[in-house]
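Good morning. I will go through one structure today, starting with a single helix and working outwards. Please have the sequence and the model open in front of you.

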Amino acid sequence: MELPFAESWKIKMVEPIRKSTREERERWMKEAHYNVFQLKAEQVYIDCITDSGTGSMSDRQWAAMMMGDESYAGASSFFRLKDTITRLTGFNYVIPTHQGRAAENVLFSHLVKAGDIVPGNSHFDTTKGHIESRKAVALDCTIDEAKDTQLEIPFKGNVDPKKLEKALAEHADKIPFIIVTITNNTAGGQPVSMQNLREVRAIADKYNKRVVFDSARFAENAYFIKTREEGYANKTIKEITKEMFALADGMTMSAKKDGIVNMGGFIATRWEDWYEGAKRFCIPFEGYLTYGGMNGRDMDALAVGLDENTEFDNLETRIKQVEYLAKRLDEFGIPYQRPAGGHAIFVDAAKILTHVPKEQFPAQTLTVELYLEAGIRGCEIGYILADRDPVTRENRFGGLDLLRLAIPRRVYTNNHMDVIAVALKNVYDRREQITKGVKIVWEAELMRHFTVQLEPVK
Ligand SMILES: *Cc1c(COP(=O)(O)O)cnc(C)c1O
């Protein structure tokens, strides 16, 4: 008999979590203005709000922290991190930042100006925010297939080369660079193929443009290339990583994802002029160049995390857990973005809460219902997250309306996945009775989903 699959680690330290009653949850949800970001973590039983900064560090990462060099300038921790990044990506210039959006802020302060257009594949919300706040346009060139949640194709995060080429043909002078998000978070944690990265490179070269990878989940992307793309089955994750980044000019990184640290990020590039330009913004925004918002000990933990998470076994354990949850949802017929992405299941709320009008935010309504059902915290990746159109100030209902269940790395067991699946099934079974959603009482102008205040529609 073939041996079953099991985790590539064992547990050395545990953190107790607590269940609550439905009554408690109803009170807490109201106090939180029906926005799960405003719940206290202790009011949550299983937390799938994000996989960002929520992973468990390994014993080797904790050990590395003890070697942290907290020197203000020239800390050896920085050089250990830089050498690891250079070894993995081929990029020689590295600027640490306190997280991914800070990397965007520093790099885009140098590169993006009013009137620019930055084409890419479903820019992440902070990426879009940093482009739009500079009065530039984030032009989405994702393949149309990404919008059809039920279509199973291996690389649903891809850039549509025709859309990209059209953007460049029409607006080349306004385009400072192309950005490719690996994996494509907003489209459901969907990977981008090596073939597609090559096509983007070819178009960029034709128009003499540079390419940035928004690399938060580059290792998961490499795993999908290895397991789904022809010609990569026998390559290591590290070889694939190197090959991916050879097709880019630079990267912004949220180390809270595939770096498996709780806080951190960086910019890396092969170009001295980008480094020199970004440097000027690192110092006022983040700090001196050899720490840029990170502790020495955290840079050491990140160096080890990047190395560990570019090993196949670690990635396989993670991706298989996400797949496991997907299989449980399949048993219950619950629709989600197919195939399952790398870091999360994106439940298709618009297909479930069909009686809730889009103006009443079906995915947010489902997020609230799942919390009330079992204390499970997911998050809306839908119409609220999409913010208003910067020009018309109308809600943007053009995209998908999803409930994201993000799975933290190395944190929960498959028993927790079972609880999530059954809780969602219970909500799914009473979907016909859910006819009213939520309305906005207060919202911020940009990135409103974090602080939006809502009320149930009566
Ligand atoms: C998380 C993320 C970011 C922003 O990083 P933070 O560390 O949260 O600031 C940018 N792009 C993508 C694709 C992300 O997933």
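How many of the eleven residues of H8 are buried? Nine of the eleven are, so H8 is mostly covered. Buried here means under 20% relative accessible area, exposed means over 50%, and partly exposed is in between, with a 1.4 Å probe and protein chains only. Helices are DSSP runs of H or I with at least four residues, strands are runs of E with at least two, and both are numbered from the N terminus.

Some ground rules before I go on. This is a predicted model, in which local features need pLDDT of at least 70 and side-chain atom pairs count only at pLDDT 80 or more, while totals for chains, interfaces and linings use all residues. Residues are numbered from 1 along each chain as its sequence is written, and side-chain values use heavy atoms, with hydrogens and water left out.

Back to H8, which covers residues 218–228. Its buried residues include Phe 218, Glu 220, Asn 221, Ala 222 and Ile 225. The buried residues of H8 pack against helices H7 (194–206), H9 (237–245), H11 and H12 (312–332), and also against strand S7.

H8 also matters for the next item, the nonpolar cores. A nonpolar core is a set of buried Ala, Val, Leu, Ile, Met, Phe, Trp, Tyr and Cys residues joined through side-chain atoms within 4.5 Å. The largest one has 55 residues, and those with the most contacts inside it are Val 180, Leu 197, Phe 213, Met 244 and Leu 306. H8 gives this core its largest share, six residues. Apart from this core lies another, of 34 residues, including Phe 332 and Ile 407. As background, nonpolar side chains tend to be buried together in soluble globular proteins.

Take Met 244 as an example. What does Met 244 touch, if residues up to four places away in sequence are not counted? Among its contacts, meaning heavy atoms within 4.5 Å, are Phe 218, Asn 221, Ala 222 and Ile 225. Those four residues are on the list of buried residues in H8. Met 244 also touches Ile 182, Met 194, Leu 197 and Phe 213.

One more residue from a helix that H8 packs against: Ile 203, in H7. Ile 203 is buried, with a relative accessible area of 8%. Its contacts, again not counting residues up to four places away, are Pro 161, Leu 164, Glu 165 and Leu 168.

Now the charged residues. Side chains of opposite charge can pair when their charged atoms come close. A salt bridge is counted when a side-chain nitrogen of Lys or Arg is within 4 Å of a carboxyl oxygen of Asp or Glu. The whole structure has 43 of them.

Are the two residues of the salt bridge between Arg 409 and Asp 258 buried or exposed? Arg 409 is buried at 2% relative accessible area, and Asp 258 is buried at 0%. Their closest N and O atoms are 3.2 Å apart. The two residues are 151 apart in the chain, with Arg 409 in the loop between S12 (402–406) and H15 (414–429), and Asp 258 in the loop between S7 (250–254) and S8. Both belong to a network of salt bridges that also links Asp 51, Arg 217, Glu 220 and Arg 318. Glu 220 is one of the buried residues of H8.

Compare the salt bridge between Asp 307 and Arg 87, at 3.0 Å from N to O. Asp 307 is partly exposed at 26%, and Arg 87 is partly exposed at 43%. This pair also links distant parts of the chain, H11 (296–308) and H3 (76–89), with the two positions 220 residues apart.

Last, the strands. S2 (residues 93–97) has four of its five residues buried, so S2 is largely enclosed by the rest of the structure. S2 pairs with S8 (265–269) in the antiparallel sense over five bridges; strands count as paired if DSSP finds at least two bridges between them. In that pairing, Tyr 93 has Thr 269 in S8 as its bridge partner.

That is the end of the tour.
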